[in-house]
Amino acid sequence: MGRRLVPLTLDNLPDLPKGCRSCVFWELDPVSGQAAVRAGKPELEKEAWISAVLLEWGSCGRVVYVDDVAAGFVLYAPPAYVPRSTAFPTSPVSPDAVQLMTSRVLPGFQGQGLGRVLVQTVAKDLVRRGFKAIEAFGDAQWEEPGCVLPADHLTSVGFKTVRPHPRYPRLRLDLRSTLSWKEDVEMALDRLLGAVQKEPALRPL
């Protein structure tokens with residue numbers, strides 16, 4: 001079973017689940033998001049957001065393919081690019097962290113460790129780019145797939161709660177850019193993915 005991870009771009013955005021490629025929950029503030037939906041153009045807003053972040057900051061997502069079928073994705077960016085984050089009761093995201101916005105593994109591919117692989121891939125990318133941490137808002141009362149990740153899932157892949165809340169705790173994964181951390185990430189990815197296609201080098205910040 002061939003597995004590969006590639007950066008999210010406008011070219012492979014259509015490979016995301018239909019609801020996700022038109023969702024602007026994180027990308028716009030609540031008022032602008034509702035206006036985009038009413039105007040019938042959330043897909044255009046999503047494309048504009050990804051284009052702007054790619055140009056100004058760099059890679060902001062990954063898509064995992066299993067036998068050339070999109071099996072899941074993850075989105076992340078500095079909190080300055082994530083207007084919705086300020087609406088959470090446990091905001092703001094720490095200034096030294098990048099926000100893990102959302103992640104999804106499609107039905108049929110769950111239970112294979114791909115959710116963990118996606119988080120580890122984000123960690124690998126951000127360690128390489130010199131960031132100190134990833135933070136995310138979790139849903140402590142999660143019942144079904146949505147834009148906010150289950151808090152239990154985040155803790156299971158290494159996040160720790162930094163600001164508790166009965167519904168939306170804020171969690172953090174510290175990225176210690178040591179050789180051992182990098183080796184752990186590399187080994188985990190190699191073990192779970194097998195031969196991963198090499199990603200193009202990220203441009204210097």
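## Strand pairing: β7 and β8

Two strands count as paired if DSSP finds at least two bridges between them. In this predicted model, strand β7 (residues 160-163) and strand β8 (residues 170-174) pair in the antiparallel sense, with three bridges. One residue to look up here is Lys-160, whose bridge partner in β8 is Arg-172. Getting from β7 to β8 takes a hairpin, and six residues make that link.

## The chain as a whole

Stepping back, the protein chain has six helices and eight strands. Read from the N terminus, the order of elements goes β-α-α-α-β-β-β-α-β-β-α-β-β-α. If you're tracing the ribbon, that string is a handy guide: after the opening strand come three helices in a row, then three strands in a row.

The chain has 205 residues, and 46% of them count as buried. What about contacts along the sequence? Taking the contacts between residues at least 6 apart in sequence, 71% join residues at least 24 apart. As for the surface, the protein chain exposes about 10300 Å², with carbon and sulfur atoms supplying 55% of that area.

## The largest pocket

How big is the volume of the largest pocket? It comes to about 300 Å³. Its lining is made up of 14 residues, and those that lie nearest the centre are Ser-103, Arg-104, Val-105, Leu-149 and Pro-150. Two elements give two or more residues to this lining, namely β4 (97-105) and β6 (149-150). Strand β4 supplies the largest share, with three residues.

By residue type, the lining of the largest pocket splits into eight nonpolar, five polar and one charged. Arg-104, listed among the residues nearest the centre, belongs to a type that counts as charged.

## Backbone oddities in the loops

A few spots in the backbone deserve a look. Where does the cis peptide bond sit? The bond from Ser-91 to Pro-92 is cis, and its omega is near 5°. Pro-92 belongs to the loop between β3 (69-77) and β4.

Then there's the loop between β2 (61-66) and β3, home to Asp-67 and also to Asp-68. Neither is a glycine, yet phi is positive in both: near 50° for Asp-67 and about 65° for Asp-68. Are these two residues buried or exposed? Asp-67 has a relative accessibility of 47%, so it counts as partly exposed. Asp-68 comes out at 60%, which is over the 50% cut-off, so Asp-68 counts as exposed.

## A buried glycine in α2

One more stop is Gly-33, which sits in helix α2 (residues 30-38). Why does Gly-33 count as buried? Because its relative accessibility is 8%, and buried means under 20%.

Which residues does Gly-33 touch, once those up to four places away in sequence are set aside? The answer is Val-24 and Leu-28. Cys-23 is also worth finding on the model: it is 10 residues from Gly-33 along the chain, and the C-alpha atoms of the two are separated by 8.8 Å.

How values were computed
Residues numbered from 1 in each chain as written. Predicted model: local features only at pLDDT ≥ 70, side-chain atom pairs only at ≥ 80, totals over all residues. Heavy atoms only, no water. 1 Å grid on protein atoms, 1.4 Å probe; cavity = no way out; pocket = protein on both sides within 12 Å on 5 of 7 lines; lining within 4 Å. Points joined across faces, edges and corners; volume = space filled by probe spheres on them. Helix = DSSP H or I, 4+ residues; strand = E, 2+ residues; numbered from the N terminus. Buried < 20%, exposed > 50% of the residue type's maximum accessible area, 1.4 Å probe, protein only. Contact = heavy atoms within 4.5 Å. Areas by Shrake-Rupley, 256 points an atom, 1.4 Å probe, with all protein chains shown as cover.
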